[in-house]
Amino acid sequence: MPARVTSDAFIGRRDQLAALEGALASAGASCAAAGLVFVAGESGVGKSRLTDHFADRAQDGGARVLWGDCIDLGDSELPYAPIVSALRSLVREGHPVFDALGPARVELARLLPELGTPGDLLVEPYVGSAQGRLFELLLGLFERLAEESPVLLVIEDLHWADRSTRDFLSFLSRNICRQRLLVVSTFRVDELHRRHPLRPFLAEIERTEAASRIGIERFSRDELGAQLAAILGATPDRELLERVYARSEGNPLFAEEILAAEREGDGTLPESLRDALILRVEALGETAQEALRWVSAAQRIEQDVLQEAGELEPRALRDALRDAVAHHVLITQPGGHLAFRHALLREVVYDDLLPGERSGLHRRLATVLETIADAEPCVSLEHATEIAHHFDAAGDQPAALRTAVRAAQTAERAHAEREAAALYERALELWERVADPAALAGCDHVTLLARAAHAHQLEHHRCIVLLKRALHELDQDAEPGRAALLLERLGRARWSQGKGQIAFEAWDAALALLPAQPPSEERARLLAAKAGGLMLWGRYADARTMAAEALAVADAVGSRTVRTDALNTMGVCVRGGDDTAADLSLLREALTLAREDADVHQLVRGYANLSDALHRTGDAYAARALLVEGRRELRDHGSQATCLILQQAEIAADLGLWDEADALVPPELGRGLQGTTRVFYELTRAGLSMSCGDHADARRRLEIADELVARSYEPQWHVPLTALLAGLERRERNIEAARAAIRTGLERLGDSDAMDDGARLARIFCAGAGVEADAALQARDLGRADDEAAAIAAARDWADRTREAASRPFATAMPEAAALVLAADAEAAAATGTPDPQLWALTADAWAAMSRPFRVARARWREAEARLMVGDRIGAETVGRDALALARSLGARWVVEELRALARRGRLRLETAPPAADALAETVDAIEDPVAELGLTPRERDVLCLVARGATNREIGERLFMAEKTASVHVSRILAKLDVRSRTEAAAVAHRLGLEAATA
């Protein structure tokens, strides 16, 4: 009977255990955020012991524990290894959570063949959304599990994690909010060399609020004594404790092995941990040692595979394995695999093999696994990857090429694109080293390059390099169809890089290769791709023409996928015309086709386009209801439909439903988004922040969005970004920065005269009119007549451009465009110093007709301001009172503050019982010394008198014997104390206080 070498007692780690249990308690509370915890420490320090103990306590407390481990396959990676391992136990127990997935169940069969015949993820080809779709399915699966009880997912040895697993964890870190899910991952800190892929992953993920790290240190002398006592069953003598502690330096695993070597060996302490572990192995019989060699090469292995590969007698193998388990060398895993108790044990055994032994073991393992895989109806991702790894490790280059291609295709079907890319790259390296590579790979070199490019679709630079190589090798005259498809993919990659013009050149070159007759699927797809690009670029007329041609070709060849795509594009391009109902019918038909085909990508696109069309044509409530319906339908398909969530938040914000919008786009949601989806999120949050007056948050978010869209061609991002940035700079009196924001936005859009999206252009032009109105006011304050005249002219020019944009064919039915024309005219009038209250009233009415309450409040405030300036105090009070009530009901703090400031300046009564801060405007006449009440010093009073007379800073300085810069400081302080925006408004206050007759 072997002596016990491990401790059953849980030693130390109380603080770390408490931290883990606190994280689980937080994740288990329905109102708290879920999270990820990384348990870090050196090899053998006790990471697994801590997580094992924590998992046992969590399970006893009612949590569901799922366990998975990462596998070290050298340069190969086993995609989703810990996720598959964790979920397999649920599959084998027949958990009903998989049935609840409905049609999406078979989509997970690529990862878990036990679920049935694998199905394909229902997404549009070549759009790079398949892995995201898979991640959404997995997240939905965990959400459903967490409805029963909190879920603890433990992932061991994250330093060996494959890229897809790391990507999934990154996705989780940004998307888990309140799912009652805790992910605990362990990793070795001594494995993380400078270029280890886990380093950037951890650097990114640990910046999020969802992630935390728990460090595990070596045992203290007292803790080590407790460990030895638990193993020995008695307190160790002082000499033994000191010997073990001195040699192990507190590493629990090393201490166990040193103690075992002393008890079972000749009493000589090993010099290193490797020596101690070798002693453990050498204590076993020859059959057991032979079995360990096979397990070390396989990483983990099923007993029947071990028996077949090693050609070992069944009874002798069974006894040998039992002996290895009893000596704490091997363990049995829940999935039926045999593995080493600790990875260090495996590494010692494997490193002790001779080179010839290693290659022989790997070749035999590959052969046995391939025989098993050939008998399966569909080779599993696990087997395909392991087979390729073993042939490569064996140095069998022909077999390595053949199986690398097969493993890559299997990884692609499971949407592990990064692993597929690595496998294809290995196949490309082997191509020139073997005879007849095309026969081994099952394809020619051009096809292999194209497949590798597709696997690299999220790494645009490498994708483009591979596609160019394929096009260079291909005889385009002999095979125009293949060349056209390669060019189509090249165009998509270029578009993703932000190089729209080059993308169009690639699509045009592809179309030139394909004759119009006879019609073909390839030509239909290319026409639809280019139409989609033109639509996103705002070239609606050209996009509509091309989409119509794509539709005709798709119908001729019977392609429903391209038909749906083309209808979606055409529906966007014709909206805003004279027949809105007919235009919307195209989008409704696209939505119906996508629903019939269960095409998730086109379903999302259809709901997004139709709701946007309803919103922009004035029916925001119908748009919101459609999005609620769409999210419910897509959830049944296992999709989170993030873009629909963002669109609903945007529309809710426009409708004044700010609590709903805020709940839809919480801060933690942004962590899960990338690319233009992240842009959409940041713009939506920035709009909410600006509405509420949180300018610092708005600026931070707009800076993020600005960086992300710098190379984009799409007006749908540049227009709101430009308008929001210009508006923010206006609020903070940064006129030149506001002008720069508008210039940059228009430069990024390119030739605005060629844009058909007049409604969006009108928003930028209207913002320009507002900026110039403020510039004119500022110039007037400073006595700069030439600058004032230039700003007035510029404001009028922007207003004229707004009207021209709103009159374009694709904007005439857009009520938003008409409202922007009114607002731009009102800004242009305000620029002259003689505002037109009626224009602001008409603007407010236009926004009210579209149910845009915040814009109504803002326009009513400007109307009240204009009425006061033209002497209509009663009208100003009436309109201002309504605006204040509306702004307060919305929570629009910025508008409330502006209206209060207006009330103070104009002594307007805007509320029955005004706050103390507003009382000054109503009681100023009763104050004996109103200037002192305002907090102005005698010197500031003198400066204000001169401001009221229109003096410049230089003139004030000359009159009061101070530097011009000092005069400027005094003026700035006066503006702040009076709570006014300009010298003109300060002068108005001075006149109302009777200071115009004062002498300096």
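**Notes on two sheets and some helix packing**

1. Start with the small sheet: three strands, open, ordered β6-β8-β7, and paired antiparallel. The edges are β6 (300-302) and β7 (330-332), each of which pairs on one side only. On average, neighbouring strands here are turned by 30° against each other, direction ignored. Keep in mind while reading that this is a predicted model.

2. Now the pairings in that sheet. β7 and β8 (residues 337-340) run antiparallel over three bridges, and I331 has A339 in β8 as its bridge partner. On the other side, β6 and β8 also pair in the antiparallel sense, over three bridges. There, I301 stands opposite L338 in β8.

3. Which way do the β8 side chains go, and are they buried or exposed? H337 and A339 point one way, L338 and F340 point the other way, and all are buried. So if you're following the bridges, A339 is the partner of I331, while L338 is the residue facing I301.

4. A little further along is helix α14 (residues 343-351), and how many of its nine residues are buried? Eight of the nine are, so the helix counts as mostly covered, with buried meaning under 20% relative accessible area. The buried set is A343, L344, L345, R346, E347, V348, V349 and Y350. Note that R346 and E347 are on that list.

5. The other sheet is open too, with five strands in the order β2-β3-β4-β1-β5 and parallel pairing. Its edge strands are β2 (64-69) and β5, each pairing on one side only. The twist averages 20° from one strand to the next.

6. Within the five-stranded sheet, β1 (residues 35-41) and β5 pair in parallel over five bridges. One specific pair to look at: V37 has S212 in β5 as its bridge partner. Helix α5 (residues 163-175) packs on this sheet and touches β1, β3 (151-156) and β4 (181-188). The direction of α5 makes about 140° with that of β4.

7. Next, the loop between β5 (211-215) and α7, where E217 is found. Is E217 buried or exposed? E217 has a relative accessible area of 57%, and the cut-off for exposed is over 50%, so E217 counts as exposed. Setting aside residues up to four places away in sequence, E217 touches R13 and V45. The V45 contact spans 172 residues in sequence, yet the C-alpha atoms of E217 and V45 are 6.8 Å apart in space.

8. After that loop, look at α7 (residues 221-232) against α8 (residues 238-248): what angle do their axes make? They cross at roughly 115° and come within 10 Å, and the crossing of α7 past α8 is right-handed. From α7, the contact uses R221, L224, G225, L228 and L232. From α8, it uses R238, L240, L241, E242, V244, Y245 and S248. By class, that makes seven nonpolar, two polar and three charged residues.

9. For a single-residue check, take A261 in helix α9 (residues 252-264). A261 comes out at 8% relative accessibility, and since anything under 20% is buried, A261 counts as buried. Along the chain, A261 and A276 are 15 residues apart, and 6.3 Å separates their C-alpha atoms.

10. Last, a second helix pair: α30 (residues 642-654) and α32 (residues 675-692) pack at about 20°, with their axes 10 Å apart. Why call α30 roughly parallel to α32? Because angles under 35 degrees count as roughly parallel, and theirs qualifies. α30 passes α32 in a left-handed crossing.

11. The residues behind that second contact are worth selecting in your viewer. On the α30 side they are T642, C643, L646, Q647, A649, E650 and A653. On the α32 side they are T677, F680, Y681, T684 and L688. The contact divides into seven nonpolar, four polar and one charged. For the spacing within a helix, recall that residues three or four places apart point the same way, because an α-helix has 3.6 residues a turn.

Conventions: Residues numbered from 1 in each chain as written. Predicted model: local features only at pLDDT ≥ 70, side-chain atom pairs only at ≥ 80, totals over all residues. Heavy atoms only, no water. Axes fitted to C-alpha atoms, helices over the stretch in contact; angles between N-to-C directions. Helix = DSSP H or I, 4+ residues; strand = E, 2+ residues; numbered from the N terminus. Left-handed = near helix turned anticlockwise from the far one by under 90°. Contact = heavy atoms within 4.5 Å. Nonpolar A, V, L, I, M, F, W, Y, C, P; charged D, E, K, R; others polar. Buried < 20%, exposed > 50% of the residue type's maximum accessible area, 1.4 Å probe, protein only. Pairing = 2+ DSSP bridges. Parallel < 35°, antiparallel > 145°, perpendicular 65-115°, else oblique.
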